[in-house]
Amino acid sequence: MSKTRPTRMSLLSDLDDADFETEATDALFPSEDEQRQLALDLLLDAWEEALQAGASADIVASAALYAAFSDMVDVLGEDNVADMAENLADRIRHGEFTLQRTHH
């Protein structure tokens with residue numbers, strides 16, 4: 001069974017024509033920091049659920065990367081995402097994504 005999920009663009013397309021006042025918009029949408037924290041919390045919950053259901057951590061990680069990159073390409077375009085991805089190797093090597101440091 002194939003499950004189609006809406007893209008960010010399709011979810012936001014109806015909002016483009018809406019005439020919200022700033023106060024109403026601020027009340028409806030959390031700040032970027034709040035959105036990041038909410039998104040991270042929900043993703044970590046889904047990650048844990050997938051692990052508990054029997055998926056291995058490397059499979060969950062691969063699926064999460066696929067979902068992230070495919071959504072980013074949909075929103076930002078292939079060239080912009082490719083440019084961003086070019087810097088990932090250096091960022092990884094410099095420990096930006098390392099949660100527990102090991103000393104060699």
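## Fold and surface

The protein chain in this predicted model has six helices and zero strands. Following the sequence from its start, you will meet the pattern α-α-α-α-α-α.

How much of the chain counts as buried? Of its 104 residues, 5% do. The accessible surface of the protein chain amounts to about 9,400 Å², and carbon and sulfur atoms account for 56% of that area.

## Where the prediction is confident

Before you set anything up with these coordinates, here is a look at the confidence scores. The mean pLDDT of the protein chain is 82, and 71% of the residues reach at least 70.

Which elements sit at the two ends of the scale? Helix α1, spanning residues 8–16, has the lowest mean pLDDT among the elements, at 45, while α4 has the highest, at 97. Across residues 8–20 the pLDDT stays below 50. In the model, that stretch has nine contacts beyond near neighbours in sequence.

## How α4 meets α5

A pair of packed helices can be described by the distance between the axes and the angle between them. Here the pair is helix α4, covering residues 57–76, and helix α5, covering residues 78–86. Their axes come within 7 Å and cross at roughly 130°. Why is α4 called oblique to α5? The crossing angle makes it so, because 130° lies outside the ranges for roughly parallel (under 35 degrees), roughly perpendicular (65 to 115) and roughly antiparallel (over 145).

On the α4 side, the contact is made by Phe-69, Met-72, Val-73 and Leu-76. Helix α5 contributes Glu-78, Asn-80, Val-81, Met-84 and Ala-85. By character, the residues of this α4 and α5 contact divide into seven nonpolar, one polar and one charged.

## A closer look at Ala-61

Helix α4 also holds Ala-61. Is Ala-61 buried, partly exposed or exposed? Its relative accessible area is 25%, so Ala-61 is partly exposed; the buried class would need a value under 20%.

Ala-61 can also be placed relative to Trp-47. The two residues are 14 apart in sequence, and their C-alpha atoms are 8.4 Å apart in space.

Definitions and conventions. Residues are numbered from 1 along each chain as its sequence is written. This is a predicted model: local features need pLDDT of at least 70, side-chain atom pairs count only at pLDDT 80 or more; totals for chains, interfaces and linings use all residues. Side-chain values use heavy atoms; hydrogens and water are left out. Axes are lines fitted to C-alpha atoms, for helices over the stretch in contact, and angles run from 0 to 180 degrees between N-to-C directions. Helices (H or I, at least four residues) and strands (E, at least two) are DSSP runs, numbered from the N terminus. Contact means heavy atoms within 4.5 Å. Ala, Val, Leu, Ile, Met, Phe, Trp, Tyr, Cys and Pro count as nonpolar, Asp, Glu, Lys and Arg as charged, and the others, Gly among them, as polar. pLDDT is the predictor's confidence in each residue, from 0 to 100. Buried means under 20% relative accessible area, exposed over 50%, partly exposed in between (1.4 Å probe, protein chains only). Accessible areas come from the Shrake-Rupley method with a 1.4 Å probe; for residues, only the protein chains shown count as cover.
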